[in-house]
Amino acid sequence: MNKTLRTLLAGVLAVLTLGLAGCGAGAGADTDKPLVILADATPHSEILQQAEKLGLLGDTKIEIKTIVGDIDANQLVQSGDVDANYFQHKPYLETWKSQKGVDDLVGVANVHIEPLGLYSKKVKDLKAVPSGATIAIPADPSNLVRALFLLQQADLLTLDVKPTDANVDYSQITTKNITANPNKLKFIQIDRPQLAATLDDAKVDLSIINGNYALEAGLKPKTDSLALESADENPYTNLLVVKSDKKDDPRVQKLAEALQSKEIQDWINSNFEGSVLPAGK
């Protein structure tokens, strides 16, 4: 092979190599397209919108779709119908993955905590909780145990486990873990979006409501709740979740950085006045 031919072939191979490398870099992600995120209306969508408003996303564009009804927001990320979701905490995600036999959804940013609260229109003080009171609690396993931990924090019952216990398996904790129930509390399990409505149910004395649904119902968790979940060592930080093959997408990384920025933390503190807390606070 003469020198001219060798030079020509080397040039062709270099072009092919660069072309293949370019294809690999773009596989599975079109960074010019908006990142489609499925999120709860309050406070998740508001936080996302604020990140846009503050210019924290740079050239990254996002499209926010609001979760409505019984949409399975994790399944839609898993199937690729949306790029990410922002509505859940890690115990909820881990329980969902275990139930569905799925292992490729990952949290890429810890953003905020919505303290779970105990509310009532009938009971005005924890010391006045009547014997045999009926409490509406979340029906899904991870938030059900969270509700039980809140009742334990409020000294209304005792469990044989604490949320700070090492290697606690949230998916296995139920009302069977109650070791003391001096008020003989009764429980009714309700889907989370419907819990705020139970405050007007004559058969329900108290309701444990997730922070986002309390806010949507016009409640102010910091002032309206009889007991509010502590943020200290709280495992229920809300996450930005994507499929594992998308976690290195530059758009995902930029959004994760923005959601964990000091600007967003400061805005959460000033805008929600303790009803929503930035992660790590």
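**Exercise 1. Find which residue of S3 is the bridge partner of leucine 38.**

Step 1. Start with the strands: strand S1 covers residues 35–39 and strand S3 covers residues 84–89. Strands here are DSSP runs (E, at least two residues), and helices are DSSP runs too (H or I, at least four residues), both numbered from the N terminus.

Step 2. Check how they run: S1 and S3 are parallel and joined by three bridges. Two strands count as paired if DSSP finds at least two bridges between them.

Step 3. Read off the partner: leucine 38 is matched with asparagine 85 in S3.

Step 4. Zoom out. S1 and S3 belong to an open sheet of six strands, ordered S2-S1-S3-S12-S4-S13, with mixed pairing. The edges are strand S2 (62–66) and S13, each of which pairs on one side only.

Before going on, a word on what you're looking at. This is a predicted model, where local features need pLDDT of at least 70 and side-chain atom pairs count only at pLDDT 80 or more, while totals for chains, interfaces and linings use all residues. Residues are numbered from 1 along each chain as its sequence is written, and side-chain values use heavy atoms, leaving out hydrogens and water.

**Exercise 2. Work out whether the two faces of strand S10 are covered or not.**

Step 1. Recall the pattern: in a regular strand the side chains alternate between the two faces of the sheet.

Step 2. Split up S10 (residues 206–209): Leu206 and Ile208 sit on one side, Ser207 and Ile209 on the other.

Step 3. Check burial. Buried means under 20% relative accessible area, exposed means over 50%, and partly exposed is in between (1.4 Å probe, protein chains only). All four of these S10 residues are buried, and both faces are covered.

Step 4. Look at the pairing. Strand S5 (residues 117–119) pairs with S10 in the antiparallel sense over three bridges, and leucine 118 stands opposite isoleucine 208. Strand S6 (residues 134–138) runs parallel to S10 with two bridges; there, alanine 136 has serine 207 as its bridge partner.

Step 5. Walk one residue on from the strand. Asparagine 210 lies in the loop between S10 and H6, and counts as buried because its relative accessibility is 4%. Contact means heavy atoms within 4.5 Å. Setting aside neighbours within four places in sequence, asparagine 210 touches Leu116, Pro138, Asn143, Arg146, Arg192 and Leu195.

**Exercise 3. Explain why the buried residues of H9 lie on the same side of the helix.**

Step 1. List them: in helix H9 (residues 262–272), the buried ones are Ile264, Gln265, Trp267, Ile268 and Phe272.

Step 2. Use the arc, which is that of the directions from the helix axis to the C-beta atoms. These residues cover an arc of only 165° around the axis, so they end up on the same side of H9.

Step 3. Link that to helix geometry: an α-helix has 3.6 residues a turn, so residues three or four places apart point the same way.

Step 4. Turn the helix around. The face away from the buried side carries the exposed residues Lys262 and Ser270.

Step 5. See what does the covering: it includes helix H2 (41–53), strand S4 (105–113), helix H6 (211–216), helix H8 (250–259) and strand S13 (277–278).

Step 6. Step off the end: glutamate 273 follows H9 and has a positive phi, near 50°.

**Exercise 4. Pick out some backbone oddities: which residues does the cis peptide bond join, and where are aspartate 155 and lysine 184 found?**

Step 1. The cis bond joins threonine 42 and proline 43, with omega about -5°. Proline 43 lies in helix H2.

Step 2. Aspartate 155 has a positive phi near 65° without being glycine. It's in the loop between helix H5 (141–153) and strand S7 (158–159). Aspartate 155 is exposed, with a relative accessible area of 66%.

Step 3. Lysine 184 has a positive phi too, near 50°, and isn't glycine either. Its place is the loop between strand S8 (178–180) and strand S9 (186–190). At 58% relative accessibility, lysine 184 counts as exposed.

**Exercise 5. Sum up the chain: how many helices and strands does it have?**

Step 1. Count: nine helices and 13 strands.

Step 2. Add burial: 48% of the 281 residues are buried.
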